[in-house]
Amino acid sequence: MNLDFNEVPSPGYVVDERLLVKNLKLLKSVQDRTGCKILLAQKAFSMFALYPLIGQYLSGVASSSLYEARLGREEMDKEVHVYAPAFSDRDFDRILRVADHLVFNSFSQWDRFKDRVNHASRHIECGIRVNPEYSQVETGLYDPCAPFSRMGVTAANFQPDDLDGLSGLHFHTLCEQNSDALEHTLQAVDQKFGPYLKKMKWINFGGGHHITRSDYDVERLIRCIRFMQNKYGLDVYLEPGEAVALNTGYLVSTVLDITENGMANAILDTSATCHMPDVLEMPYRPKIISAGKSGELPYTYRLGGPTCLAGDVIGDYSFREPLHVGSRLVFCDMAIYSMVKNNTFNGIALPAITTFNAKDGLQVIREFNYDDFKNRLS
Ligand SMILES: Cc1ncc(COP(=O)(O)O)c(C=O)c1O
């Protein structure tokens, strides 16, 4: 059975489970070969309809909030790890009911909440996030080690006398990177935090590992994991988000109108700002099936969304044939950081969420309507 994009509601996300399973098998092979544990970072991909499938391969979820932690507990029910730059009094007791691992961003947060952890009815492993002040991330928006960063404790601010009750260290410094960047980061972590690692049970390497990208050096990753296992006897956790669902999803859209103003504009039923905000935020240019760069193929269009934001523009693309009202365009790699970040600005409807697998074909998991727009307002 083939995935026919004409069958997908427009606009609509479709996740191809065959591609997801391919990613999951690779991640599982890293777990099997090293004994490390890999968690799904839900901030990148929270399509919980697929959590039972993901849970067959991965060890659990990484969560950034009470709601993500609850989702992971309810829908996957394996290990639930939670890290946030700060926990609130209001959420904390509810987090304690669902978390297995809690990572604090500072010693002040640890001191504020440790009694509540100790009195919790369940055993919870606690860790502290460190900032090794080393990263190869070039975009400021994604660099947790930029000057004055609020993410994690630097070596100078580390409090070795406050480690009672803490069993792990966590760092997150990568963004879409290969394992050479991880190797360099580990050298910094080892050098700055080595004496404290000796007292720990586990280390969490955070996310940003592009493990399922074709040029990723898996053997080097395995050496990195073994280094921490062998030198300090640590259990190793990784919490990639992107790598789990990388290149497994599409956003299907339809041309609503074509206008002219020095160049041809095609207005789509999907919006950069509402349905793929990272295109503007990161920013990046998504691939479209059978389309080329501006001028590469005979017919070039500027593709824009249906909102009134002038900058709701996805980019300039060229096509072999002219586009017309009703033409379908398929954006690639739209599973990650898309559904989780979308919004209803301008009252634009959210795209449908669908899956495809060889046995069941296309399945519409959810379509959204006016109530979804209205329910988040008052
Ligand atoms: C603490 C933490 N863990 C994991 C991730 C997931 O990163 P990625 O989706 O790039 O793998 C992030 C992303 O921001 C993060 O901040």
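The following dialogue explains how to read the domains, strands, cores and cysteines of a predicted model.

Reader: Into which domains is the protein chain divided?

Author: An assignment of domains gives residue ranges, and a domain may be built from several segments. Here, domain 1 comprises 5-13 + 249-334 + 342-374, and domain 2 comprises 35-245. Taken over C-alpha atoms, the centres of domain 1 and domain 2 are separated by 34 Å.

Reader: How many residues of domain 1 are in contact with domain 2?

Author: Eight residues of domain 1 are in contact with eight residues of domain 2.

Reader: How should strand pairing be read, and which strands does S10 pair with?

Author: One looks at the sense of the pairing and at the bridges. Strand S10 (residues 249-260) pairs in the antiparallel sense with strand S1 (residues 12-16) over four bridges, and glycine 12 stands opposite valine 252 of S10. Five bridges, again antiparallel, link S10 to strand S15 (residues 328-332); there threonine 254 stands opposite arginine 328. Five antiparallel bridges also link S10 to strand S11 (residues 264-268), where threonine 259 stands opposite asparagine 265.

Reader: What lies between S10 and S11?

Author: These two strands form a hairpin with three residues between them, and in the turn glycine 262 has a positive phi of about 80°.

Reader: Which strands run parallel to S9?

Author: Strand S2 (residues 37-41) runs parallel to S9 (residues 235-238) and is joined to it by two bridges; lysine 37 has tyrosine 237 as its bridge partner in S9. Strand S8 (residues 202-204) is also parallel to S9, through three bridges, and isoleucine 203 is partnered there by valine 236. Together, S8, helix H7 (residues 218-232) and S9 make a right-handed β-α-β unit.

Reader: Is leucine 39 buried or exposed?

Author: The quantity to consult is relative accessible area. Leucine 39 has a value of 0%, so it is buried. This residue lies in strand S2. Leaving aside neighbours within four places in sequence, leucine 39 is in contact with residues including Leu58, Val61, His81, Asn204, Tyr237 and Pro240. Leucine 39 and leucine 20 are 19 residues apart in sequence, and their C-alpha atoms are 15 Å apart in space.

Reader: How many residues has the largest nonpolar core, and where does it lie?

Author: The largest nonpolar core has 98 residues, and Phe45, Leu102 and Leu303 have the most contacts inside it. Domain 1 and domain 2 both give residues to this core, so it lies between them. A second, separate core has nine residues, among them Phe5, Val8, Val14 and Cys332.

Reader: What is leucine 303 in contact with?

Author: Beyond neighbours within four places in sequence, the contacts of leucine 303 include Ala266, Leu268, Ile288, Val313, Tyr317, Phe319 and Phe331.

Reader: How many disulfides does the structure hold?

Author: A disulfide is a covalent bond between the sulfur atoms of two cysteines. The structure holds zero disulfides. Cysteine 145 is in none, and the nearest cysteine sulfur, that of cysteine 175, is 12 Å away.

Reader: Why does cysteine 308 form no bond with cysteine 274?

Author: The two sulfurs are 9.5 Å apart, which is too far for a bond, and cysteine 274 holds the closest cysteine sulfur to that of cysteine 308.

Reader: Which of cysteine 145 and cysteine 308 counts as buried, and which as exposed?

Author: Cysteine 145 counts as buried because its relative accessibility is 14%, whereas cysteine 308, at 64%, counts as exposed.

Technical notes: Residues are numbered from 1 along each chain as its sequence is written. This is a predicted model: local features need pLDDT of at least 70, side-chain atom pairs count only at pLDDT 80 or more; totals for chains, interfaces and linings use all residues. Side-chain values use heavy atoms; hydrogens and water are left out. Two strands pair if DSSP finds at least two bridges between them. A crossover is right-handed if, with the strands pointing away from the viewer, the path from the first strand over the helix to the second runs clockwise. A nonpolar core is a set of buried Ala, Val, Leu, Ile, Met, Phe, Trp, Tyr and Cys residues joined through side-chain atoms within 4.5 Å. Buried means under 20% relative accessible area, exposed over 50%, partly exposed in between (1.4 Å probe, protein chains only). Domain bounds come from an automatic or database domain assignment. Contact means heavy atoms within 4.5 Å. A disulfide is a pair of cysteine sulfur atoms within 2.5 Å.
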